[in-house]
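Here is a short tour of one protein chain. Keep the sequence and the 3D view open while you read.

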Amino acid sequence: MNQKISQQSLAKRFDHLREVIASPRFLQMRGLNNDLPFYICEFRASEAFEIQRMRRQLVNTLVGLQVECMQGRGVKVLEINLYDLTIDMLKAREGSSEGGSLWAEILAVEPEVEKEALKELLQNVLDIKGHLIPEIGKRLAQSDYDVLFLSGVGEVFPYIRSHNVLNNLQSTAKDKPTVMFFPGEYRHSLEQGASLELFGLLHDDKYYRAFNIFEIQA
């Protein structure tokens, strides 16, 4: 039995991602059958550093290609790291004291506040539908890109859940392919359907409308 691509070497996974993402079928969003152009790139949490380096290399490689369906130019990737985005949003929000940021206030209280209270606070101020998705939409509108990469999923858990991001992103990022780099498994079974298993241990939640990019042919 052949080993799944997601379990093969980083070099083989890199080659697969480059071939798929640079293919006309992927870029022109063919064969989706009314589904969304959302893809999950699963990896083991222990590989986070290597995946980060591979992702950077992938972005540089894609933009340097000569892709026929892109009129001979390369594929431009916009990367949004959810962790960096949330920090930028908290720094931009005013705190309760004049001239202070919400980020500075959170850093000040974080050692003393209960984890559940901190989670609730962050979920409120980073509300996905009200704040996070509009901010992502703003960055998409300001960028010239062909493919969106979403990263930082593990770092923002549990106050931002990946399935909530994907569910709310459907109206904002449906016009171009989105690849979410997910530290865990995107599991499918006849009994339970499809689910995102963060770190291979935590059941993030059911999400049906994305494709596993390692199961996509170029």
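The charged end of arginine 55 sits over the ring of phenylalanine 181, 5.1 Å from the ring centre. This is a predicted model, so the values here are computed from predicted atoms. A second charge over a ring involves lysine 176, which lies over the face of tyrosine 145, at 4.4 Å from the ring centre.

**Aromatic rings**

Phenylalanine 181 leads on to the ring pairs. The count comes to three aromatic pairs. In one of them, phenylalanine 149 and phenylalanine 181 meet edge-to-face. Their centres are 5.0 Å apart, and the planes make an angle of 65°. The angle counts as edge-to-face because it is over 60 degrees. A pair of aromatic rings is described by just these two things, the distance of the centres and the angle of the planes.

This pair links distant parts of the chain. Phenylalanine 149 belongs to strand S3, residues 147-151. Phenylalanine 181 belongs to strand S4, residues 178-189. The two are 32 residues apart.

Are these two rings buried or exposed? Phenylalanine 149 counts as buried because its relative accessibility is 0%. Phenylalanine 181 has 2% relative accessibility, so it counts as buried too. Elsewhere, ring pairs link Phe26, Tyr39 and Phe211 into a cluster.

**The largest pocket**

Arginine 55 appears again here. The largest pocket holds about 310 Å³ of space. It is lined by 20 residues, and the closest to its centre are Ala48, Gln52, Arg55, Gly152 and Glu155.

Which elements supply at least two residues each of this lining? They are helix H3 (48-63), strand S2 (77-81), helix H8 (153-156) and strand S4. H3 gives the largest share, seven residues. By type, the lining of the largest pocket divides into 11 nonpolar, five polar and four charged residues.

**Helix H6**

Now turn to helix H6, residues 115-125. Its buried residues are Leu118, Leu122 and Val125. They lie on the same side of H6, because they cover an arc of only 70° around the axis. An α-helix has 3.6 residues a turn, so residues three or four places apart point the same way. The face of H6 turned away from its buried side carries the exposed residues Glu116 and Asn124.

**Far in sequence, close by C-alpha distance**

Three pairs of residues are set out below, with their separation along the chain and their C-alpha distance.

| Pair | Separation in sequence | C-alpha to C-alpha |
|---|---|---|
| Aspartate 35 and arginine 209 | 174 residues | 6.4 Å |
| Lysine 4 and glutamate 215 | 211 residues | 8.5 Å |
| Leucine 85 and glutamate 135 | 50 residues | 8.4 Å |

Where does one partner of each pair sit? Aspartate 35 is in the loop between helix H2 (24-27) and strand S1 (38-43). It counts as partly exposed because its relative accessibility is 34%. Lysine 4 is placed in the segment before helix H1 (10-21). Its relative accessible area is 42%, so lysine 4 is partly exposed. Leucine 85 is part of helix H4, residues 82-92. With a relative accessible area of 0%, leucine 85 is buried.

**Positive phi angles**

Most residues other than glycine have a negative phi. Two residues are worth finding for this reason.

Methionine 29 is not a glycine, yet its phi is positive, about 55°. Methionine 29 is found in the loop between H2 and S1. Aspartate 35 is found in the loop between these elements as well. How accessible is methionine 29? Its relative accessibility is 25%, so methionine 29 counts as partly exposed.

Glutamine 71 also has a positive phi, near 60°. This residue lies in the loop between H3 and S2. Both H3 and S2 supply residues to the lining of the largest pocket. Glutamine 71 counts as exposed because its relative accessibility is 71%.

Definitions and conventions. Residues numbered from 1 in each chain as written. Predicted model: local features only at pLDDT ≥ 70, side-chain atom pairs only at ≥ 80, totals over all residues. Heavy atoms only, no water. Phe/Tyr/Trp six-rings, centres within 6.5 Å; stacked < 30°, edge-to-face > 60°. Helix = DSSP H or I, 4+ residues; strand = E, 2+ residues; numbered from the N terminus. Buried < 20%, exposed > 50% of the residue type's maximum accessible area, 1.4 Å probe, protein only. Lys NZ or Arg CZ within 6 Å of the ring centre and 35° of its normal. 1 Å grid on protein atoms, 1.4 Å probe; cavity = no way out; pocket = protein on both sides within 12 Å on 5 of 7 lines; lining within 4 Å. Points joined across faces, edges and corners; volume = space filled by probe spheres on them. Nonpolar A, V, L, I, M, F, W, Y, C, P; charged D, E, K, R; others polar. Arc of directions from axis to C-beta.
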